[in-house]
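Let's take a walk through this one together. Have a look at the sequence and the 3D view, and we'll stop at a few spots along the way.

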Amino acid sequence: MTPLKRNGAERQPTISASVTALRGVGPRVAHRLHQRSITSVQDLLFHLPLRYQDRTRITPIGALRPGDEALIQGEVELTQLRLGPRRSLLSRLSDGTGAITLRFFHFSTAQQAGLARGTYLRCYGQVRPGAHTLEMVHPEYQRLDPERTEPVEDYLTPIYPTTEGLQQGTLRKLTRQALAILDEESADGLKEWLPDEVLAKRQLPKLNAALRYVHRPPPDALIRELEEGVHPAQQRLAFEELLAHHLSLRRLRYELQTKQAPELRGNGRLSRQLLDSLPFTLTRAQQRVTQEISTDMRRSIPMLRLLQGDVGSGKTVVVALAALQALEAGYQVAMMVPTELLAEQHLGTFRQWLGPLGIEPLWLVSKVRRTERSAMISRLKAADLTIAIGTHALFQPDVRFAKLGLVIIDEQHRFGVHQRLALREKGSYDGYYPHQLILTATPIPRTLAMTAYADLDNSIIDEMPPNRQPIKSVVLPDSRREEVIQRIANACRQGRQVYWVCTLIEESEVLQCQAATETAKRLARALPRVRMGLIHGRMQDDEREHVMAEFKMGNIDVLVATTVIEVGVDVPNASLMVIENAERLGLAQLHQLRGRIGRGTLQSDCVLMYQAPLTEHARARLSAIRQTTNGFDIARRDLELRGPGELLGTRQAGVLNLRIADLVRDRKLLPDIQETADLLLQDYPDHVDPLIQRWVGRSLNYGNV
Ligand code: ADP
Ligand code: MG
């Protein structure tokens, strides 16, 4: 694109130009901007303010209330130095309607002189109660010439998210330039791709108007609405972004459907053998989803299916049946899981289930010994019929499957679209793509699934195995620890097994492990007759595997653990769980952890211990988790509560790489997204590509994943 040239005017950069084309962007500022992922003028326009200040009107001092942020002006009546424990400079400013004290803790002599009695000042700051009058501490201020009227701002002042070394003033200057370019160039710069009928139906503004509004709101704009992100101008941008992501996923899905997959038609012999050997029969829901998966795998189009089922709903056996169908048809299976512990767990289950059928599962995690690993790799290369279970190590470059028919990914929320695509490519050979089955225990609300997982089909296990006793949960302060320890002693005497989960707010694994080690020691002292085990993320594999096996066999009564046991661990005899610092965890994580008990027919109990005092949010979370054990209800409460580490906020945040939209805040937009996408694909097909390019383009390179 050639820059526009105007008579006498300097060359204007275009919307797609680099930020370095703007005035005031040298290498240092450019570097800071890059740190916030701002490289083009367009990025700058999509970098929205976090909050706003109102400097468009002067508030009479008499009308101020504590907590207000306001622009005031008046005459200094008195300035004096206050000595004492904290030296400060106090100025009394009056405008005829009232007086306020300006308080400075840091000041120079020159500053003090500049605030002499009779000076006119304009100040901006937050109002707080003081000893005699209201106060502003360290307000921004400028001296005024009483003979002249100094204009106020025409717009609300945007406050941008920033990084160190990048001033608000700089961002404001740059966005002003970017908005000017937008005005000049709106015809071919940031083109409007949402048809009028779409905007009219939802009463949303046009793109350029929306951008101008959020960067420079008029004085009468509702600041609260803007700060909550629910103004139509912001909703318009969020809507377009969500739509673009949805369209890009739909395109991925479409592309996948043009690919070839092996038709996995087993004869059912192995599956039948497994079913006959199980001590239970499948629930109706398990039968239904098994059928859905089986039908998909028989087709020559690659399956891409999400299997949702609450913790303990019995996803593993469904996976095993899918794996057997692939093996029967003469194809290999790969199963990727997020943690080594989970890999161990599945290895144990599959050995038990598939071993008798003559299938020996492989275990590929990062710490498998070299010689063992190369033996496994040779077997995979030689088309050995097996299921390989592993973490990311499963898809390292030297691992090649000769005949991969099915890829299973457990616990989807840890993997985003990118990993999904990368896996698909890695497993492909001779133009064939493996079928993919993705498991999640985190229920995803339907409208969200339709937006964020639009490239997937859905199967839901909506029924629990029979005879499960609902888990009873109690919430107790840490001060009642002694009681809890007694309870453990009693439980162990009755032959029950116990998890004691240590959590820390720091994500640091080292600290978590230290805390768990410490707790295990203390519990061992308090309960000398109880057989104690310890498991955490920094133990050697074989050590951890050994502890887990001992616990499973009932040789350990109390297993002290970090949150490594959060996913997948299955020991049906464990029926009591204590979670320390439960107030620090999000609902979804608590639900997952608690899902480690209540997996058999025993009555199970969960003790949620907390450190007082509880915040309001933490109290609401703990009460929600105490009251319900249903994952879908919990997901719904999670959406309402929005605490830290919860379902959508943290975990799903990475699913789509969103800049403006927020899957929780903007969830009301979701139901409309699919419908609008249909309309665009049908009636405005040439709008689809540019939209994807604008919002997703640079982060997802289709030809090259
Ligand atoms: P999740 O969905 O959390 O992965 P699992 O597959 O680990 O659940 O199953 C939880 C427990 O329920 C396991 O011990 C499993 O053997 C058992 N189970 C699975 N399906 C059934 C069923 N239909 N009837 C009884 N128990 C079952
Ligand atoms: Mg599981």
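Are helix 23 and helix 24 oblique or roughly parallel to each other? Before answering, keep in mind that you're looking at a predicted model. Helix 23 covers residues 670–683, helix 24 covers residues 685–695, and the two pack with their axes 5 Å apart at an angle of about 120°. Angles of 65 to 115 degrees would count as roughly perpendicular, and angles over 145 as roughly antiparallel. The pair fits neither class, so helix 23 and helix 24 are oblique to each other.

Who does the touching here? On the helix 23 side you'll find Leu680, Leu681, Gln682 and Asp683, and they meet Pro685, His687, Val688 and Leu691 of helix 24. Sorted by character, the residues of this contact come out as 5 nonpolar, 2 polar and 1 charged.

Now swing over to another helix pair. Helix 9 (residues 269–277) and helix 11 (residues 315–328) cross at roughly 150°, and their axes come within 8 Å. Helix 9 brings Arg269, Leu270, Ser271, Leu274 and Leu275 to the contact, while helix 11 offers Ala320, Leu321, Leu324 and Glu328. This time the split is 6 nonpolar, 1 polar and 2 charged.

Next up is ligand 1. It has 17 residues around it, and the closest are Gly312, Lys315, Thr316, Arg468 and Arg599. Zoom in on Arg468: an N or O atom in its side chain sits 2.6 Å from an oxygen atom of ligand 1. Gln286 places a polar side-chain atom 2.9 Å from a nitrogen atom of the ligand, and a polar backbone atom of Ser313 is 3.5 Å from one of the ligand's oxygen atoms. On its own, ligand 1 has 560 Å² of accessible area, and the protein covers 86% of that.

Finally, two backbone details in loops. Pro613 sits in the loop between strand 21 (605–610) and helix 20 (616–627), and the peptide bond leading to Pro613 from Ala612 is cis, with omega near -5°. The other detail is Ala383, in the loop between helix 13 (370–381) and strand 12 (387–390). Ala383 isn't a glycine, yet it has a positive phi of about 65°.

Definitions and conventions
Residues are numbered from 1 along each chain as its sequence is written. Chains are lettered from A and ligands numbered from 1 in the order in which they are written. This is a predicted model: local features need pLDDT of at least 70, side-chain atom pairs count only at pLDDT 80 or more; totals for chains, interfaces and linings use all residues. Side-chain values use heavy atoms; hydrogens and water are left out. Axes are lines fitted to C-alpha atoms, for helices over the stretch in contact, and angles run from 0 to 180 degrees between N-to-C directions. Helices (H or I, at least four residues) and strands (E, at least two) are DSSP runs, numbered from the N terminus. Angles under 35 degrees count as roughly parallel, over 145 as roughly antiparallel, 65 to 115 as roughly perpendicular and the rest as oblique. Contact means heavy atoms within 4.5 Å. Ala, Val, Leu, Ile, Met, Phe, Trp, Tyr, Cys and Pro count as nonpolar, Asp, Glu, Lys and Arg as charged, and the others, Gly among them, as polar. A residue is near a molecule or strand if one of its heavy atoms lies within 4 Å of it. A polar contact is a pair of N or O atoms within 3.5 Å; within protein, one must be able to donate a hydrogen and the other to accept it, and residues adjacent in sequence count only if both atoms are side-chain atoms. Accessible areas come from the Shrake-Rupley method with a 1.4 Å probe; for residues, only the protein chains shown count as cover.
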